2 protein chains.
Amino acid sequence: MRRTTSGLLIASWACALYAAADGPDAIKYPVGYRQWQHVKSSIVGPQSASFGRNGGMHHFYANERAVEGYRSAGAFPDGSILVDERLEVREEKGNTLEGTRISVAVMVKDATRFRDTGGWGFEVFTGENTSAGVLTAERRNTCFGCHEKATHDSVYSAIRP
Amino acid sequence: MRRTTSGLLIASWACALYAAADGPDAIKYPVGYRQWQHVKSSIVGPQSASFGRNGGMHHFYANERAVEGYRSAGAFPDGSILVDERLEVREEKGNTLEGTRISVAVMVKDATRFRDTGGWGFEVFTGENTSAGVLTAERRNTCFGCHEKATHDSVYSAIRP
């Protein structure tokens with residue numbers, strides 16, 4: 001009986017995963033994010049502990065609702081979308097330049113839908129793929145496990161004036 | 001007689017300079033440029049030949065007209081404004097982060113007003129100063145002397161999709 005229940009739970013969890021990744025509830029690719037507010041940029045270099053999983057040039061963008069969130073002391077409003085665009089880095093004659101795109105990581109705020117992860121949904125689109133994200137439920141939880149430590153509603157970055 | 005003429009010419013030139021820097025014809029600080037389209041970013045590092053005069057993290061922004069210009073094969077339309085924001089670079093645990101602002105360099109397109117410099121006016125605002133640019137006529141010509149070599153209407157940068 002116990003195994004049957006576990007089996008059902010696993011099947012249910014797998015279905016939920018499928019729905020989150022590909023179904024009508026999937027987090028969608030953030031079309032037009034390059035026209036959104038540029039929040040800040042940084043480079044995760046070879047000497048960084050995060051280089052293996054997150055190396056490259058990062059540009060952070062925010063849609064209008066997320067800009068409201070950055071500028072408030074409280075929670076980001078539902079509908080906020082944050083984008084972390086990660087690019088390869090090219091070195092050329094002492095200059096550090098943008099290379100090809102590695103991934104587009106997205107945080108979407110919906111306090112009801114994502115109530116188990118601080119109101120934020122997480123997704124990552126790799127390369128030029130805009131159709132489906134790659135995160136498993138486990139990796140989403142890993143995203144949240146780190147982001148929940150950020151003091152401003154699970155968001156680490158701050159917007160520059 | 002010759003000296004008098006030279007004196008007049010110098011005085012006239014000085015007045016023109018004054019007008020360009022501080023008068024009604026001055027190129028104004030680009031209020032709100034952080035909300036404009038982020039074009040691209042780069043870092044001019046210590047190994048670059050340009051480090052002394054241009055070292056730091058550069059973010060390029062474009063107003064709506066300038067975005068039209070980037071996306072056309074021809075000239076940028078009058079009213080185009082391009083911004084090159086230069087920031088100090090901070091290194092922290094292998095990560096390269098944004099520091100304080102060094103300067104805001106501006107290119108403004110007005111084919112009539114700036115007809116002697118390819119239709120582009122150049123100005124630089126240092127630090128947090130938003131009231132008056134620092135470029136002399138000589139330095140403006142230096143800007144143009146380099147930019148006129150760029151193949152797309154004196155603009156070196158290209159916009160990413």
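In this predicted model, the residue of chain A that comes closest to the rotation axis is A:His38, whose C-alpha lies at 3.1 Å. The axis itself follows from superposing the two copies: a turn of 180° with a shift of 0.0 Å along the axis lays chain A on chain B with an RMSD of 0.0 Å. This is the relation of a two-fold axis. The contact between the chains fits the same picture, since 100% of the interface residues of chain A are also interface residues in chain B, so the copies meet through the same surface.

Within chain B, helix 3 spans residues 64–71 and includes B:Val67. This valine has a relative accessible area of 12%, which places B:Val67 among the buried residues because the cut-off for burial is under 20%. Leaving aside residues up to four places away in sequence, B:Val67 touches B:Gln37, B:Ala62 and B:Ile159. As for B:Val39, it sits 28 residues from B:Val67 along the chain, and the two C-alpha atoms are separated by 8.6 Å.

Further along chain B, helix 4 (residues 137–147) offers a nice example of a two-sided helix: its buried residues are B:Ala137, B:Arg140 and B:Phe144. Viewed down the helix axis, these buried residues fall within an arc of 55°, so they line one face of helix 4. The spacing makes sense in light of helix geometry: an α-helix has 3.6 residues a turn, so residues three or four places apart point the same way. On the face turned away from the buried side, helix 4 of chain B carries the exposed residues B:Glu138 and B:Thr142.

Key: Residues are numbered from 1 along each chain as its sequence is written. Chains are lettered from A and ligands numbered from 1 in the order in which they are written. This is a predicted model: local features need pLDDT of at least 70, side-chain atom pairs count only at pLDDT 80 or more; totals for chains, interfaces and linings use all residues. Side-chain values use heavy atoms; hydrogens and water are left out. Copies are superposed by least squares on the C-alpha atoms of residues with pLDDT of at least 70 in both. Contact means heavy atoms within 4.5 Å. Helices (H or I, at least four residues) and strands (E, at least two) are DSSP runs, numbered from the N terminus. Buried means under 20% relative accessible area, exposed over 50%, partly exposed in between (1.4 Å probe, protein chains only). The arc is that of the directions from the helix axis to the C-beta atoms.
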